Amino acid sequence: MADINVELLIPQLTLEEKISLLAGRNFWETFPVTRLSIPSLRVSDGPNGARGGQWDNGTTAACFPASVCLAATWDEMLVAALAGETISKGARVVLAPTVNPHRSPLGGRNFESFSEDPLLAGRLATAYINGVQAQGVGATIKHFAANEQETKRHSMNSNVSQRALREIYMKPFEIAVKAANPWAVMTSYNLLNGTHADMSKYLIQDVLREQWGFKGLVMSDWGGTNSGTESLLAGLDLEMPGPANHRKIPGTKAAIESGKLSEQTIDERVLAVLKLVKKAGKFENPVSTLFALRPQTADRNGWRKLCII
């Protein structure tokens with residue numbers, strides 16, 4: 001990890017540069033600031049294989065067993081094989097694991113979550129995160145929180161009691177955050193008790209950061225940022241994907257000038273982004289990866305064995 005104090009970069013950034021860092025540059029990468037040698041960071045989907053940067057006709061990838069299949073083994077040693085595959089796609093952060101409980105068998109994305117059992121999901125997520133991050137690849141636990149259905153997922157409101165939230169829906173996140181320290185958390189599309197997750201100070205600041213001690217970055221799901229000022233105040237560090245939708249420079253500057261938003265809040269969000277870029281080793285190696293500059297197909301015997309469990 002490069003010996004650079006990212007806090008010292010913040011006073012050197014213009015306000016426009018700071019705001020640009022709070023949303024992606026494109027679909028998979030954060031925004032760079034070349035003037036200060038701040039590189040971009042590439043992330044990659046997803047829970048059962050690192051897709052890379054293309055939806056169709058892209059670089060081939062190992063298709064690992066879906067999380068629900070891994071959970072059926074009850075084997076914590078099986079879930080950490082994804083790191084090399086992520087690096088081979090030129091990425092340093094993988095958008096996984098998904099730990100939302102299986103509330104109903106009709107859930108459209110149950111396959112990518114581990115289980116209906118919050119303890120099992122939390123334990124396997126912990127093993128997954130520890131295994132991936134031990135190889136220098138960041139994990140992004142998702143989708144926080146109460147995101148258990150796909151129908152009207154952008155607008156539906158999950159009304160959940162505090163006891164159910166704490167004992168079921170947030171428990172896998174709590175277990176993994178406390179035990180494995182994931183580099184990032186992704187918020188969910190839905191509203192929780194009337195407030196979109198990306199705009200929920202209760203979820204991001206009160207529970208995640210203050211009660212559980214989370215120190216990493218909080219990003220939105222793709223297209224899951226629902227406001228500019230409100231999400232920044234709630235603690236959402238990064239709007240994805242880019243270019244910015246709610247965090248455009250003119251609107252964000254206007255919110256600061258009107259007093260709705262402080263530059264200190266902007267600085268806090270920027271610091272989280274810079275810390276993640278540093279943790280991922282991008283200041284040391286801003287362009288290349290362990291493989292070539294272009295995403296590669298990685299083929300390893302160990303992965304082949306895992307894929308046929």
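What follows is a chat between a trainee and a mentor about a predicted model.

Trainee: Let's start with the sheet. What order do the strands come in?

Mentor: The 5 strands of this open sheet run in the order S1-S2-S3-S5-S8, with parallel pairing. At the edges are strand S1 (43-44) and strand S8 (217-219), each of which pairs on one side only.

Trainee: And how many bridges join S2 to S3?

Mentor: There are 2 bridges between strand S2 (residues 93-94) and S3, and the two run parallel. Val 94 is the residue opposite Ala 139 in S3.

Trainee: What does H4 make with those two strands?

Mentor: S2, H4 and S3 make up a β-α-β unit, and that unit is right-handed.

Trainee: OK, moving across the sheet. What does S3 do with S5?

Mentor: S3 and S5 are paired in the parallel sense, over 3 bridges. Thr 140 sits opposite Ala 184 in S5. Strand S5 (residues 184-187) also pairs with S8 in the parallel sense, again over 3 bridges, and there Met 186 stands opposite Met 219 in S8.

Trainee: Why is S3 described as largely enclosed?

Mentor: Because 7 of the 7 residues of S3 are buried, the strand is largely enclosed by the rest of the structure.

Trainee: Which helix lies across S3, S5 and S8?

Mentor: That's helix H7 (residues 201-211), which lies across strand S3 (138-144), S5 and S8 and runs at about 150° to S8.

Trainee: Now H6. Which of its residues are buried?

Mentor: In helix H6 (residues 171-180), the buried ones are Pro 172, Phe 173, Glu 174, Ala 176, Val 177 and Ala 180. They pack against helix H4 (118-133), S3, helix H5 (162-169) and H7.

Trainee: What follows H6?

Mentor: Asn 181 follows H6, and its phi is positive, near 50°.

Trainee: Let's talk cores. Which residues touch the most other members in the largest nonpolar one?

Mentor: In that core of 40 residues, they are Phe 144, Met 170, Leu 203, Leu 208 and Trp 212. Helix H2 (67-73), H4, S3, H5, H6 and H7 each supply at least two residues of it. H4 gives the largest share, 8 residues.

Trainee: Say I click on Leu 208. What is it in contact with, leaving aside neighbours within four places in sequence?

Mentor: You'd find Leu 208 in contact with Phe 144, Val 177, Val 185, Leu 203, Gly 213, Phe 214 and Val 218. There's also a second, separate core of 38 residues, and its members include Ile 19, Val 93, Trp 222 and Leu 276.

Trainee: Switching to H9: is Thr 252 buried or exposed?

Mentor: Thr 252 lies in helix H9 (residues 249-257), and it counts as buried because its relative accessibility is 5%, with the cut-off for buried being under 20%. Leaving aside neighbours within four places in sequence, Thr 252 is in contact with Ile 19, Leu 232, Arg 247, Leu 261 and Ile 266.

Trainee: Then why does Ile 249 count as partly exposed?

Mentor: Ile 249 lies in helix H9 too, but at 30% relative accessibility it counts as partly exposed, because that class lies between under 20% for buried and over 50% for exposed. With neighbours within four places in sequence left aside, Ile 249 is in contact with Glu 16 and Ile 19.

Trainee: How many residues apart in sequence are Ile 249 and Leu 22?

Mentor: They are 227 residues apart in sequence, with 9.9 Å between them in space, C-alpha to C-alpha.

How values were computed
Residues numbered from 1 in each chain as written. Predicted model: local features only at pLDDT ≥ 70, side-chain atom pairs only at ≥ 80, totals over all residues. Heavy atoms only, no water. Pairing = 2+ DSSP bridges. Helix = DSSP H or I, 4+ residues; strand = E, 2+ residues; numbered from the N terminus. Contact = heavy atoms within 4.5 Å. Axes fitted to C-alpha atoms, helices over the stretch in contact; angles between N-to-C directions. Buried < 20%, exposed > 50% of the residue type's maximum accessible area, 1.4 Å probe, protein only. Right-handed = clockwise from strand over helix to strand, strands pointing away. Core = buried A, V, L, I, M, F, W, Y, C linked by side-chain atoms within 4.5 Å.
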